[in-house]
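Let's take a walk through this one together. Have the model open and turn it as you read.

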Amino acid sequence: MDNDVSAGATTTIVGRLALGITLLAFGLGHTDVIDGVTAADAVSIAHYVGGVALFVAGLLAFRDHDTANGTAFAALGALWFTWAVSDAGSANAAGLFLLLFALVALSLTLAGGDQLGQATYGLFFVALVLMAIAQFADNDGLTKVGGWFAVASGAVAWYAATAALAHWPTVLPRRAAGRGVTATG
């Protein structure tokens, strides 16, 4: 193990990789961009990687006293597991599940944390809201748009994990106050 990476950081990396892979599979399955790949094809990834592995990463984060990532990974792991094993029944039931799932993503977004984490959860929130509305309205086009937001969310989660491992930038640089464009006149 790299001496620069602590146990808590390792748990976060594993959790973000699991979330990223799950979101990419889930999102791509809803976009119809790959011929013959549907959301149903993401079920086994959501079950084992998004559900089981993410939930375990959450428990390990709690053990490391990382309440924010423990909460995020355990809650999302439980929700992914539920999505993978449940049969929603009606479109409205599926929409309600996605809407409740979106509230968890919204809470995680508003909880703060690093920029990449907030971007991941914020994009995921938008994806889930769009997909919930699509279920209620029976709108396949809106489902595809939600799928693309899930793909973007997964890409951000994957980047966050990879950046931590590869020591790439994980924050956007900020301009110093007063160093913007000045008007001449």
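What follows goes from the overall fold to a few individual residues.

Keep in mind as you look that this is a predicted model. The protein has six helices and zero strands, so if you trace the chain from the N terminus you read α-α-α-α-α-α. There are 185 residues in the protein, and 39% of them count as buried. On the outside, the protein exposes about 9,900 Å², with carbon and sulfur atoms supplying 65% of that area. How do the contacts spread along the sequence? If you take the contacts with a separation of 6 or more, 67% of them come from residues 24 or more positions apart.

Now find helix H2, which covers residues 43–63. Its 21 residues reach 28 Å from the first C-alpha to the last, close to the 30 Å expected at 1.5 Å a residue. Even so, H2 has a kink of about 25°, and Leu54 sits at its centre. Leu54 is also one of the buried residues of H2. Sharing that list are Ala46, His47, Gly50, Gly51, Ala57, Gly58 and Ala61. Carry on just past the end of H2 and you meet His65, which takes a positive phi of about 65°.

A little further along is helix H3, made of residues 67–85, and in H3 you'll find Asn69. Is Asn69 buried or exposed? Its relative accessibility is 15%, and because the cut-off for buried is under 20%, Asn69 counts as buried. What does Asn69 touch, once you set aside residues up to four places away in sequence? The answer is Thr12, Gly58 and Ala61. You've already met Gly58 and Ala61, as both are among the buried residues of H2. The side chain of Asn69 also makes a polar contact of 2.9 Å with the side chain of Asp66.

For the last stop, head to the later helices. Between helix H5 (115–137) and helix H6 (140–166) there's a loop, and Asp138 is in it. Asp138 has a positive phi of about 55°, although it is not a glycine. Is Asp138 buried or exposed? With a relative accessible area of 69%, Asp138 is exposed, because the cut-off there is over 50%. Then follow the chain to the segment after H6, where His167 lies. His167 isn't a glycine either, yet it has a positive phi of about 60°.

Conventions:
Residues are numbered from 1 along each chain as its sequence is written. This is a predicted model: local features need pLDDT of at least 70, side-chain atom pairs count only at pLDDT 80 or more; totals for chains, interfaces and linings use all residues. Side-chain values use heavy atoms; hydrogens and water are left out. Helices (H or I, at least four residues) and strands (E, at least two) are DSSP runs, numbered from the N terminus. Buried means under 20% relative accessible area, exposed over 50%, partly exposed in between (1.4 Å probe, protein chains only). A polar contact is a pair of N or O atoms within 3.5 Å; within protein, one must be able to donate a hydrogen and the other to accept it, and residues adjacent in sequence count only if both atoms are side-chain atoms. Contact means heavy atoms within 4.5 Å. Accessible areas come from the Shrake-Rupley method with a 1.4 Å probe; for residues, only the protein chains shown count as cover. The expected span of a helix is 1.5 Å times one less than its number of residues. The bend at a residue is the angle between axes fitted to the seven residues ending there and the seven starting there.
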